[in-house]
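Here are my notes on this one, as numbered points. Have the model open while you go through them.

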Amino acid sequence: MMGARSNSRDHVPRFRIPGAQAPAWVILETGTTAVLSLFSLLLIGRVIGPHAAGVGTVALSAFLLIDLAASSLFPDSLVQRPRLEQDHVDGALTAHLLAGFGGGLLLVGLAPLLSLGAGSGEEVRDIALALAPLLPFSAVSGACSGLLLRQRRNRLLAMRAIIGHPIGLTAGLAAAQLGAGAWAMFVQQAVATAITFSLLAWRLRIAYRPRIRLAALADLWPVAGPQVLSILALAGRYRIFVVALGMLVAEALVAVSHIAFRLVDSVLAVAWGSMARLSIQRLSALQHDRAALAEAYGDLAQLQALMGMPIAAGVALTAGDLVQGLLGPAWQGAADAARIAGLAAVVGFAYGDTGGLFVALGRTRINLAVALAQLGAPLTLLLVLRPETASGVALCWAATTVAIAPPLAGLALRHLGRSPPWLARRIAPGVLATAAMVAAVLALETRLSAPPLLRMAAAAAIGATVFTLVAWLALGRRLPRALLAAGPPPHGSPSPAPVLAPG
């Protein structure tokens with residue numbers, strides 16, 4: 001009897017936390033970051049008011065732009081490098097540290113300029129000066145994240161979002177409630193930066209000596225140089241686009257267009273961020289096995305279609321109810337623009353993460369060329385067409401996504417030695433499930449008469465149910481292959497040491 005009871009217990013399903021290298025941690029991290037990034041400014045801004053939020057945003061935007069450059073120097077090249085020597089590790093960490101100090105000095109120099117034309121110029125300057133000392137810590141965290149990504153320590157990387165962002169948000173809200181005003185945004189950023197640095201540096205376990213060998217950095221630079229420029233171009237293109245838009249159209253149209261783009265980007269960040277991390281990690285480890293690389297790319301393309309297509313299509317389907325329910329009829333233009341941007345994004349999820357592929361192959365100049373095209377084409381269309389509606393603005397922005405898809409997919413397939421039908425078979429489950437979801441939601445919306453937010457909730461529920469069922473059947477009643485394993489083992493990582501410390 002005892003044996004029977006023991007055996008029955010052994011067969012009881014148990015919930016298991018995913019392993020340290022599981023892809024689920026990447027998705028959880030990017031989802032947490034997207035959600036908290038979207039709501040942190042809203043929550044703190046509601047307490048401190050629009051004026052203080054504007055003051056903090058000016059200083060924080062300058063900090064984040066400089067931080068992006070300083071923290072993005074070598075992470076991708078550290079993951080991609082087939083054999084990583086200690087000189088590469090030492091040089092990359094030291095270069096990031098120096099870039100952080102240089103970025104801090106740059107922010108100190110820019111602080112007086114940031115205050116020009118602002119009603120609270122001195123406060124903007126003071127917050128920027130207070131943010132400057134954070135840059136070296138954030139820059140080093142960027143290099144640490146590359147090394148941890150190479151080791152596939154996805155759970156540890158996820159902890160910076162799961163732990164750091166909520167604590168930072170809590171600290172910022174507490175400061176706001178205590179009357180800190182715009183300084184509450186500084187508190188949030190400072191706490192999140194400190195937790196991220198402490199967590200990653202403490203758990204990296206790689207010996208480090210502060211030195212730079214130019215030959216080692218020269219090994220990393222062919223990948224790092226074009227890639228960091230492409231990251232800056234992609235990250236800065238929206239800011240430049242909005243500035244150009246503000247010079248051509250009325251402020252109200254800028255505000256409506258901005259709401260539409262933020263609505264789309266905030267929900268798609270989960271898919272884009274997750275796939276970028278998983279692709280660089282897995283494909284770089286297979287760069288010398290072209291057949292295995294192609295299979296891994298196909299698996300990741302399938303996962304990207306399953307994640308991104310339903311989200312993008314869902315935004316397009318429910319944007320009208322969401323905008324009407326939260327903002328009112330005056331913002332209807334934002335819903336129209338979000339529909340266009342969402343539909344265009346569906347196309348962008350149809351051919352896998354080419355950025356990660358070209359990093360793995362050491363062809364980051366292609367990524368740079370794509371980023372420059374994505375920066376220049378919308379600006380050119382904006383200047384030529386001079387749109388007068390939010391839908392016209394969205395068409396200028398989204399046209400590049402649709403136009404670039406065929407040649408970029410063809411280029412990726414040529415490097416992989418695969419055909420378009422091969423890719424079509426891989427993404428078919430995502431396409432079929434998304435099409436079924438769209439049909440179900442459209443049928444529901446034509447028959448359901450309800451308040452906008454209730455109709456949106458019903459559409460989300462029925463859409464998610466139909467998508468999940470059709471995707472499960474199309475996949476042969478199993479999970480996507482990209483989620484079934486952590487991927488190949490890390491390649492050529494240096495021997496781990498107990499702590500990250502000068503030595």
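1. Let's start with Asp 299, which at 11% relative accessibility counts as buried (buried is under 20% relative accessible area, exposed over 50%, partly exposed in between, with a 1.4 Å probe and protein chains only). Asp 299 makes a salt bridge with Arg 481, the closest N and O atoms being 3.6 Å apart; the term covers a side-chain nitrogen of Lys or Arg within 4 Å of a carboxyl oxygen of Asp or Glu. The two ends sit in distant parts of the chain, with Arg 481 in helix α18 (residues 481-484) and Asp 299 in helix α11, 182 residues apart. Arg 481 itself is partly exposed, at 42% relative accessibility.

2. Before going further, the ground rules. This is a predicted model, where local features need pLDDT of at least 70 and side-chain atom pairs count only at pLDDT 80 or more, while totals for chains, interfaces and linings use all residues. Residues are numbered from 1 along each chain as its sequence is written, and side-chain values use heavy atoms, with hydrogens and water left out. Helices (H or I, at least four residues) are DSSP runs, numbered from the N terminus.

3. Arg 481 turns up again around Gln 302, another residue of helix α11. Gln 302 counts as buried, at 8% relative accessibility. Leaving aside neighbours within four places in sequence, Gln 302 is in contact (heavy atoms within 4.5 Å) with Arg 426, Pro 429, Leu 475, Pro 480 and Arg 481.

4. Two of those partners, Arg 426 and Pro 429, are among the buried residues of α16, so have a look at that helix. α16 (residues 420-447) has 28 residues and reaches 38 Å from its first C-alpha to its last, close to the 40 Å expected at 1.5 Å a residue; the expected span is 1.5 Å times one less than the number of residues. Where does α16 bend? At Ile 427, by about 55 degrees, and Pro 429 follows within four residues. The bend is the angle between axes fitted to the seven residues ending there and the seven starting there.

5. What do the buried residues of α16 pack against? Their partners are α11 (290-326), α15 (390-416) and α17 (452-474). The buried set also includes Trp 422, Leu 423, Ala 433, Met 437 and Val 441.

6. On to the nonpolar core, meaning a set of buried Ala, Val, Leu, Ile, Met, Phe, Trp, Tyr and Cys residues joined through side-chain atoms within 4.5 Å. The largest one has 77 residues, and Leu 283 and Leu 357 have the most contacts inside it. Helix α11 gives the most to this core, with 18 residues. Apart from neighbours within four places, Leu 283 is in contact with Leu 293, Ala 296, Tyr 297, Leu 300, Gly 356, Leu 357 and Ala 360. As background, nonpolar side chains tend to be buried together in soluble globular proteins.

7. Tyr 297 also touches Thr 354, a residue of helix α13 (residues 354-360). Thr 354 is buried, with a relative accessible area of 7%. Not counting residues up to four places away, its other contacts are Asn 367, Leu 408 and Ala 412.

8. Back to charges: the structure holds 11 salt bridges. Arg 211 and Asp 87 meet in one of them (2.6 Å, N to O). Arg 211 lies in the loop between α8 (183-203) and α9 (214-248) and Asp 87 in helix α4 (residues 86-114), so the pair ties together parts that are 124 residues apart in sequence. Asp 87 is partly exposed, at 23%. Another bridge joins Glu 85 and Arg 83 (2.8 Å, N to O); Glu 85 is partly exposed at 34%, and Arg 83 is exposed at 55%.

9. Is helix α6 (residues 135-150) enclosed or open? With 15 of its 16 residues buried, α6 is largely enclosed by the rest of the structure. This helix reaches 23 Å from its first C-alpha to its last, close to the 22 Å expected. Arg 152 follows α6, with a positive phi near 60 degrees.

10. Last, the cysteines. Cys 144 is buried at 0% relative accessibility and Cys 396 at 1%. The disulfide count (pairs of cysteine sulfur atoms within 2.5 Å) comes to zero.
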